[in-house]
Amino acid sequence: MQGNAVRRVAEESALRRQRLLPLLAAGTRDADAGVRAAAAVALARAGGESGLADLEACFADASPTVRRAAILALGATGSERAVHRLLRIAAGEPSSGADAITPRARSLAVVALGIARQRGAGRHIAAFLPPLAAARGPIEEDALGSALFFHHSLAPAGELEPLARRLSGLFGSAGESLPRCLVMRAAEALRHEAARDPLVLERVIDSLGTRDLDLRRSLALTAGALEADATAPSLRRALGREREYLTRGFLLLALGRNGGAGTRDELVDLLAGGDRAGRPWVALALGILAGRADDDVARQALREELARERSAEAIGAFLLAAGIARDRQAVGRMEQTLRDGASGRQRLHAALALSMSGHPSAAPVLRRALASERSPYVRIVVAQALARLGEDQDAPALLAVLAAVHDADLQAQIAAALGSHGTLPMLRGLADELEAADLDAVGRAAAMQAIGILLDPGEPFAMTRLCQGKNFTVFPDWIYEPVLTTL
């Protein structure tokens, strides 16, 4: 039965794709820049190489937002022709017109190459990127930082690892003139090599005590991404000597990923008797550990401390931790938080926690919350939580949220929610909305983004997931725009 359902979705997607591609192509010429940018990405995802001509036309668009979206969209086509175009932009070739597209064209082109590489195109693109290391201008350094940011997508075979080792400064001087952002991305890129090379792992662990605060943060996150027997004791020692609040938080999250029963007991003790300001971090670490190890002792400790917690801000973290832990016994508290009008932050954390809990009552509770919620932002988070469950009957209610969204800042969030629902009723409903042309500009843009997700034959690039495990205090400003797309 499940196989038949999957086949029906695939068959109808193919039919809808043929009907919707002309509409998406026309969207790249819409009067509203937000619609044009959304249409460019959706056209690339749904149409692949067939959309290249329309995407090239977007490079002459009056809006820099549309021009930047068109660069990312080239990568989303998964086309070899697009890869060659992007390589010319990344290299700054005069014939590429990079400077006329946007000052950050080269950096965005590297991001787009990572998207293309994940889709199976450009198998040898990593060989073209290390020469950027010899450049000294800020544009070249940003482009190189992008390559390290998306290191594993661009070079899954490890082609960029020697570059990461050299620029990280852990294996000799990286040069005082290197930008901080570049050094941090290099240190974080070492996680892939450290997972299989004991010498790199040892250097990462030994450097957790560096006096460089930014580097300590990046290395804590790098160590947390590794599953190695030597990591947890080193993280515990680093935590014992660390006094800076955010770095302690990063170390705690790393321990949650890598710790066993001994770490669990230490986190339980910290939760009960440690610094109150750090309790949200400890709770999240314990939730990660419980979810990964299916640890009921950790779940019980979280429930008990949640019952005692009085800080409104910390309660949200505890609820989220219970969801990450997949604690079905905490569902009553999550439901109560949604029903009793707690703060918006607590309600949205409760909604997300419910969707992660795996409890059969999650869907009806979220449906009631969606119907009663009045905060636009919280309502979208509730919609995201409900969409994660992927039940056909929720498509009409989720589409109603789309019709009510008029804030461009919420556009990508609702698009991601609708696109992730992944059902035939959602596909049909979005197609009907676009063809009826009743939505305002924000709604049309969100609908196009969601259609792009639903009709995309490949896996999403998930740029937000790629940002996890990286020191966000040393991010370049330009990275936030691509991160907030639905790619």
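In this predicted model, Asp-294 turns up in the loop between helix H17 (279–293) and H18. Its backbone is a bit unusual to look at: phi of Asp-294 is near 50°, a positive value in a residue other than glycine. With a relative accessibility of 53%, Asp-294 counts as exposed, because the cut-off for that label is over 50%. Arg-326 shows the same kind of sign, with phi near 55°, again a positive value in a residue that isn't glycine. Arg-326 belongs to the loop between helix H19 (312–324) and helix H20 (331–339). Its relative accessibility is 42%, so Arg-326 counts as partly exposed.

Back to Asp-294, which also takes part in a salt bridge. Its partner is Arg-299, and the closest N and O atoms of the two are 2.9 Å apart. Arg-299 forms a salt bridge with Asp-296 as well, and there the closest N and O atoms are 2.8 Å apart. Asp-296 and Arg-299 are both in helix H18 (residues 296–308), and because they are three residues apart, about one helical turn separates them. How do the members of these pairs sit relative to the surface, buried or exposed? Arg-299 is buried, at 6% relative accessible area, while Asp-296 is exposed, at 53%. Asp-294 is exposed too, also at 53%.

Those two pairs belong to a longer list, as the whole structure holds 31 salt bridges. Another one joins Asp-394 to Arg-367, with the closest N and O atoms 2.6 Å apart. This pair ties together distant parts of the chain, 27 residues apart: Asp-394 is in the loop between helix H23 (376–388) and helix H24 (395–404), and Arg-367 is in helix H22 (residues 362–372). Asp-394 has a relative accessibility of just 2% and so counts as buried, whereas Arg-367, at 23%, counts as partly exposed. Salt bridges can also link up by sharing partners, and one network of that sort takes in Arg-276, Arg-279, Glu-305, Arg-308 and Glu-309.

Next comes a pair of loops that meet. Leu-170 sits in the loop between helix H10 (161–168) and helix H11 (180–194), and Ser-207 sits in the loop between helix H12 (198–206) and helix H13 (213–224). Both are tucked away: Leu-170 is buried, with a relative accessible area of 9%, and Ser-207 is buried as well, with 13%. Which residues does Ser-207 touch, once its neighbours within four places in sequence are left aside? The answer is Leu-170 and Leu-219. Setting aside the neighbours within four places in the same way, Leu-170 is in contact with Arg-165, Leu-190, Arg-203, Val-204, Ser-207, Leu-215 and Leu-219. So far as the two contact lists go, Leu-219 appears for Ser-207 and again for Leu-170. Two distances help to place these residues. The C-alpha atoms of Leu-170 and Ala-186 are 9.8 Å apart, with their positions 16 residues apart along the chain. Ser-207 and Arg-444, on the other hand, are 50 Å apart from C-alpha to C-alpha, and 237 residues apart in sequence.The last stop is a pocket. Rolling a probe the size of a water molecule over the atoms shows where empty space is left. The second largest pocket found here has a volume of about 590 Å³. It is lined by 27 residues, and those closest to its centre are Thr-65, Gln-411, Glu-481, Leu-484 and Thr-485. Five elements give two or more residues to this lining: helix H2 (33–47), helix H4 (64–76), helix H25 (411–421), helix H27 (441–455) and helix H29 (480–483). Which element gives the most? That is H2, with five residues. As for chemistry, the lining of the second largest pocket splits into 15 nonpolar, six polar and six charged residues.

One of those lining helices, H27, can be checked for its length. At 1.5 Å a residue, the 15 residues of H27 should span 21 Å, and its end C-alpha atoms are indeed 21 Å apart, which agrees. H27 is also mostly covered, with 13 of its 15 residues buried.

How values were computed. Residues are numbered from 1 along each chain as its sequence is written. This is a predicted model: local features need pLDDT of at least 70, side-chain atom pairs count only at pLDDT 80 or more; totals for chains, interfaces and linings use all residues. Side-chain values use heavy atoms; hydrogens and water are left out. On a 1 Å grid over the protein atoms alone, a cavity is a set of points where a 1.4 Å probe fits but cannot get out, and a pocket is an open set with protein on both sides within 12 Å along at least five of seven lines; lining residues have an atom within 4 Å of a point. Grid points are joined across faces, edges and corners, and a volume is the space filled by probe spheres set on the points. Helices (H or I, at least four residues) and strands (E, at least two) are DSSP runs, numbered from the N terminus. Ala, Val, Leu, Ile, Met, Phe, Trp, Tyr, Cys and Pro count as nonpolar, Asp, Glu, Lys and Arg as charged, and the others, Gly among them, as polar. The expected span of a helix is 1.5 Å times one less than its number of residues. Buried means under 20% relative accessible area, exposed over 50%, partly exposed in between (1.4 Å probe, protein chains only). A salt bridge is a side-chain nitrogen of Lys or Arg within 4 Å of a carboxyl oxygen of Asp or Glu. Contact means heavy atoms within 4.5 Å.
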